[in-house]
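Please load the model in your viewer and keep a selection tool ready, and the tour will then go from one residue to another before turning to the whole chain.

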Amino acid sequence: MGSSYNSSDKIVFLHEKVKQLLRQGKSEEEIVEELAKDKIDTGYATMIIDNVQNDIHDRKSFWRLIFSGLFFVLGGLAINYLSYKIAVTANSLFFYLFWGIVVAGVVMIIRAFIIFKK
């Protein structure tokens, strides 16, 4: 059990090291060379870099979808409310309900959480 704990710590350490090197603007080749100093295989180093880059991309996609979804939901609700208020002011029995905007926002938010769970 102790060896798996140490392996897990080593994996987390390597991922954090790659994140820091990417933030410093190092190229993939430079990162592979840096990991080779720690006696990490080139193929494994490349896999770690790919995993970290995918994590960063997924995090950015998550936040972009969350904010876009919230914008569409809140904008759609505001438009529906204004449509209702205009209909009431005009003594009309009908008003336009823009449900597609709200549904699109909800779908974006759901997609964001699907990405987050991945």
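## First stop: F72

Select F72, which is found in helix α3, where helices (H or I, at least four residues) and strands (E, at least two) are DSSP runs numbered from the N terminus. The model is a predicted one, in which local features need pLDDT of at least 70 and side-chain atom pairs count only at pLDDT 80 or more, while totals for chains, interfaces and linings use all residues. Residues are numbered from 1 along each chain as its sequence is written, and side-chain values use heavy atoms, with hydrogens and water left out.

With a relative accessible area of 32%, F72 is partly exposed, a class that lies between buried (under 20% relative accessible area) and exposed (over 50%), computed with a 1.4 Å probe and protein chains only. Now display the residues I101, V102, G105 and M108, with which F72 is in contact once its neighbours within four places in sequence are left aside; contact here means heavy atoms within 4.5 Å. If you draw a C-alpha to C-alpha distance from F72 to M108, it should read 8.8 Å, although the two residues are 36 apart in sequence.

## Second stop: N80

Move next to N80, which lies in helix α3, residues 42-89. Because its relative accessibility is 10%, N80 counts as buried. Select F95, Y96, L97, F98 and V102 to see the residues that N80 touches, not counting those up to four places away in sequence. Within this group, centre on F98, whose backbone nitrogen is reached by the side chain of N80 at 2.6 Å.

## Last stop: the whole chain

Zoom out and colour by secondary structure, which comes to four helices and zero strands and follows the pattern α-α-α-α along the sequence. The radius of gyration, taken over C-alpha atoms, is 24 Å, well over the 13 Å that the globule rule gives for 118 residues, so the protein is more spread out than a compact globule; the rule itself is 2.2 Å times the number of residues to the power 0.38. Along its principal axes the C-alpha trace spans about 75 × 35 × 15 Å.

A colouring by burial would mark 25% of the 118 residues as buried. In a contact map, residues 24 or more positions apart account for 62% of the contacts with a separation of 6 or more.

Definitions and conventions
A polar contact is a pair of N or O atoms within 3.5 Å; within protein, one must be able to donate a hydrogen and the other to accept it, and residues adjacent in sequence count only if both atoms are side-chain atoms.
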